[in-house]
Amino acid sequence: MIPNSRATTQPAVGLFDRLSHHLTYTLGLPKAEVNEHATLIALSHAVRDTLTERILETQQRVKTAKHVAYLSMEFLVGRSLRNNLINLGLMKEASDACAAMGRSLDELLELDEDAALGNGGLGRLAACFLDSLATLDLPAVGYGLLYEHGLFRQEIHDHRQFERPDQWAATASPWLRARVQAEIQVPVYGRVSHEQTADGQYNPVWLDWKVLVGVPYDLPVAGYGGHTVNVLRLFQARAAGDFDMGRFNHGDYLRAVEERVQAETVSKVLYPNDHSAAGRELRLVQEYFLSACAVRDVLRACEQAHGDVRALDQAWAIQLNDTHPALAVAELMRILIDEHALSWEEAWRLTVAVCAYTNHTLMPEALERWSLPLLEYVLPRHSQIILEINHRFLQEVEARWPGDDQRKRRMSIIEEGHDQKVRMAHLAIVGGHAVNGVAAMHSELVKRELVPDFHALWPERFQNKTNGVTPRRWLLASNPGLAALLDRNVSGDWARDLDRVAQIERFAEDPGFQADFEKVKLENKRRLAAVISRQLGLRVDPAAMFDVHIKRMHEYKRQLLNALELLYTYQRIVADDLVLPAPRVCVFAGKAAPGYDAAKRIIEFINCLASAINDDPRVRDQIKIAFLPDYRVSLAEVITPAADLSEQISTAGTEASGTGNMKMAINGAVTIGTLDGANVEIYERVGDDNIFLCGLTAPEIQRWNARGYRPLELSTSSDPVRRTLELLGSGGMLPGQREVQRALLDRLVHTGDPYFVLADLESYNEARTRACQAFSERGRWNRMAIINTSRTGWFSSDRTIREYAAEIWGAVSVR
């Protein structure tokens with residue numbers, strides 16, 4: 001089904017002719033050899049032609065305007081063709097062109113491949129932001145890495161996760177255009193020689209470095225309407241010298257290409273496993289490579305447009321998406337001082353004025369800290385600069401709080417100890433003019449608990465920017481049925497102004513509108529049921545409540561809480577003849593990091609549980625569990641519109657924001673969740689009657705921790721906890737899977753249940769029971785679903801980007 005496009009651009013002339021041209025001249029195929037895949041590639045090239053014209057026009061229009069550089073290790077852009085056709089207003093013309101070729105556009109769109117450029121919410125947020133930047137006509141460039149394999153393809157065998165390379169053919173993508181004339185030379189390793197200038201000034205010189213070459217590839221990002229097309233610039237690493245002919249001629253064939261292989265490793269995979277010394281070094285080099293390529297490219301653009309790097313703060317804003325690109329602070333200082341001969345004071349003024357940092361986590365282990373000896377080995381000049389930044393910063397702290405050595409120790413960029421470490425979050429805070437959290441609750445916790453000393457020093461630097469999602473991809477493209485229903489009942493262009501969907505609330509009690517809304521949801525559930533059947537061989541009833549938990553696998557996101565509640569309910573169905581108010585289809589999807597054993601055990605447990613429940617006739621189809629492997633954007637685009645119940649059950653005080661909660665609410669799912677992250681703001685907007693809250697609050701968890709949380713004691717007062725612990729201990733419901741159950745039991749009881757799974761189990765079970773009962777009351781549920789869609793327009797990423805532009809970047813739209 002083709003979404004109705006309301007984009008304002010004029011259709012490109014001759015899309016059919018361009019498609020034919022690329023089949024012949026780009027792919028070199030005679031008509032007899034043209035298949036679906038060839039048509040897809042040729043159509044993508046034809047659309048890229050239009051995008052290229054718009055890029056050139058955009059770049060000319062915004063040449064001297066202030067630009068935004070958005071630095072992120074991840075950009076989870078998903079598939080490109082459908083989104084570009086919708087934003088350019090070319091869906092109908094593309095459909096007609098394909099039909100003239102004897103092809104179905106819908107079938108071609110399903111062949112399009114997800115770009116393997118990210119993993120989870122961080123990367124998807126970055127992709128939503130790029131869409132909004134272009135839609136709002138804000139000049140911007142996204143900076144990332146062109147990973148050859150991305151993270152990994154997830155396969156499930158014998159209930160366990162296995163990782164396979166994600167062979168997405170990065171440089172063969174029709175959307176990427178190599179910009180070899182804009183290659184970046186990136187020095188690394190070497191040593192610092194302590195020299196003096198002719199007038200006796202200290203002059204450190206970085207010597208004996210090796211060079212990595214960053215080859216940029218541009219991916220077009222079309223705004224809705226097609227007026228502005230920005231680019232995502234992705235750098236691929238290669239060696240300065242690819243091939244040693246001398247070694248090759250002497251028979252040393254492997255060492256002849258050794259330098260090239262080592263260099264290419266830098267952009268080979270996203271987040272290399274850092275459990276080994278070599279892995280940590282590679283990950284540090286990878287983060288520096290991104291930072292160095294982006295900073296150099298920004299400075300070059302500044303000089304070309306304004307003639308002088310001293311105009312940098314007027315020409316560019318650099319946003320650091322989490323701590324991964326925090327080395328941009330040191331790299332910018334290095335280039336301004338060492339290559340442009342600015343004084344320390346002037347370079348520092350520019351750096352702070354240009355850089356800003358978004359924090360995405362409250363968890364100490366997720367805040368990057370690099371070994372100072374490792375940093376000195378890999379980046380000797382940057383280490384020197386960071387130490388000087390820290391020295392001057394601590395002088396400022398001393399001036400504010402004389403003699404407070406404990407405070408200086410807490411605030412120092414360098415963490416003292418046997419192995420000194422560089423706190424990257426502290427570097428990003430000190431080196432920028434703004435720090436923001438990504439939800440109201442998260443931002444308050446950043447100020448009050450994560451870095452209270454920094455907030456006391458610079459309260460004016462701290463802001464909140466609640467995340468958002470783009471309605472173009474997450475409603476218009478992925479849910480065409482609901483989009484068509486909104487078109488018929490909402491005045492104005494809701495895809496450009498999502499607040500307009502509030503107009504449908506007046507129909508929340510209307511039986512006719514409820515029936516139309518439910519029909520759309522049912523069709524989406526049928527589509528997902530077909531995917532489940534095709535991938536898992538499992539038949540599910542689309543009329544059941546689709547209870548969806550899709551996100552990166554992590555203990556704090558508490559997929560285990562969900563699974564344990566299912567284990568408890570399963571036992572009650574079998575032992576107590578429990579009858580649920582409505583049948584449930586519980587959908588899971590998510591990847592565990594290759595080295596994260598605890599998360600992998602949770603995946604194994606969920607799949608063991610699914611095998612037992614799905615095959616047990618005593619359950620009478622009241623519960624079905626589907627774990628869909630290889631979670632990615634295109635799979636999320638099928639699952640999200642089909643969700644009835646949105647699982648957002650992270651431990652209160654751990655989730656920064658979440659965006660899956662927003663996507664599902666916008667698509668008419670009702671949230672079951674804790675008061676954590678952006679759930680708080682969803683709750684404030686939809687109200688008590690349209691959400692199912694559960695679990696301890698963040699202050700309650702703090703109090704439990706203060707008095708000593710002993711999870712085993714809960715078994716005396718809570719039937720769900722008692723039965724669950726007994727089931728895990730005996731293995732009775734899953735007799736063939738005792739090892740994984742015992743490992744989970746040990747984590748919950750003997751390790752102290754760090755994420756309060758058992759403490760929230762009873763409350764969660766009660767909330768899930770209420771949700772199931774509400775779903776059985778169709779008029780009530782449809783009203784709740786409609787209100788969730790109508791009241792969540794505020795969670796558009798357009799609103800978020802407007803706030804960034806006005807309050808952090810000082811950037812304006814250029815029409």
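The following exchange asks why certain labels apply to parts of this predicted model.

Reader: Which residues of helix 1 are buried?

Author: In helix 1, residues 15-26, the buried residues are L15, R18, L19, H22 and L23.

Reader: Why are the buried residues of helix 1 said to line one face of the helix?

Author: Seen down the axis of helix 1, the buried residues fall within an arc of 140°, so they line one face. The face turned away from that buried side carries the exposed residues D17 and Y25.

Reader: What do the buried residues of helix 1 pack against?

Author: They pack against helix 2 (36-61) and helix 4 (91-100). After helix 1 comes G28, which has a positive phi, near 65°.

Reader: What makes helix 1 and helix 4 oblique to each other?

Author: Two packed helices are described by the angle between their axes and the distance between the axes. For helix 1 and helix 4 the angle is about 50°, with the axes 9 Å apart. Angles under 35 degrees count as roughly parallel, and the roughly perpendicular range is 65 to 115. Helix 1 and helix 4 fit neither label and are therefore oblique to each other. The contact is made by L15, F16 and L19 of helix 1 and by E93, A94, A97 and A100 of helix 4. Helix 1 passes helix 4 in a right-handed crossing.

Reader: Why is helix 29 called oblique to helix 31?

Author: The axes of helix 29 (residues 719-730) and helix 31 cross at roughly 120° and come within 8 Å. Roughly perpendicular ends at 115, and roughly antiparallel needs an angle over 145. The pair falls under neither label, so helix 29 is oblique to helix 31. On the helix 29 side the contact is made by P720, V721, T724 and L725, and on the helix 31 side by L758, L761 and E762. The crossing of these two helices, helix 29 and helix 31, is right-handed.

Reader: What makes helix 31 and helix 32 roughly perpendicular to each other?

Author: The axes of helix 31 and helix 32 (residues 778-790) cross at roughly 110° and come within 5 Å. Angles from 65 to 115 degrees count as roughly perpendicular, and helix 31 and helix 32 are therefore given that label. A771, A774, F775 and S776 of helix 31 make the contact with R778, R780, W781 and M784 of helix 32.

Reader: How do you know that N83 counts as buried?

Author: The relative accessibility of N83 is 12%. Buried means under 20%, so N83 counts as buried. N83 lies in helix 3 (residues 81-88). Leaving aside neighbours within four places in sequence, N83 is in contact with D131, R472 and R473.

Reader: What is the phi of D137?

Author: The phi of D137 is positive, about 60°, although D137 is not a glycine. Most residues other than glycine have a negative phi. D137 lies in the loop between helix 6 (121-135) and strand 2 (140-145).

Reader: Why does D137 count as buried?

Author: Its relative accessibility is 5%. The cut-off is under 20%, so D137 counts as buried.

Reader: Where does F756 lie, and is F756 buried or exposed?

Author: F756 lies in the loop between helix 30 (738-749) and helix 31 (757-776). At 2% relative accessibility, against a cut-off of under 20%, F756 counts as buried. The phi of F756 is also positive, near 55°, in a residue other than glycine.

Reader: How many bridges pair strand 3 with strand 4?

Author: Five bridges pair strand 3 (residues 153-157) with strand 4 (residues 160-164), in the antiparallel sense. Two strands pair if there are at least two bridges between them. I156 stands opposite Q161 in strand 4. The hairpin of strand 3 and strand 4 has two residues between the strands, and D158 takes a positive phi near 50° there.

Reader: What makes strand 13 and strand 14 edge strands?

Author: Three strands form an open sheet in the order 13-15-14, with antiparallel pairing. Strand 13 (369-371) and strand 14 (414-415) each pair on one side only. Strand 13 is joined to strand 15 (residues 421-423) by three bridges. S371 has K421 in strand 15 as its bridge partner.

Key:
Residues numbered from 1 in each chain as written. Predicted model: local features only at pLDDT ≥ 70, side-chain atom pairs only at ≥ 80, totals over all residues. Heavy atoms only, no water. Buried < 20%, exposed > 50% of the residue type's maximum accessible area, 1.4 Å probe, protein only. Helix = DSSP H or I, 4+ residues; strand = E, 2+ residues; numbered from the N terminus. Arc of directions from axis to C-beta. Contact = heavy atoms within 4.5 Å. Axes fitted to C-alpha atoms, helices over the stretch in contact; angles between N-to-C directions. Left-handed = near helix turned anticlockwise from the far one by under 90°.
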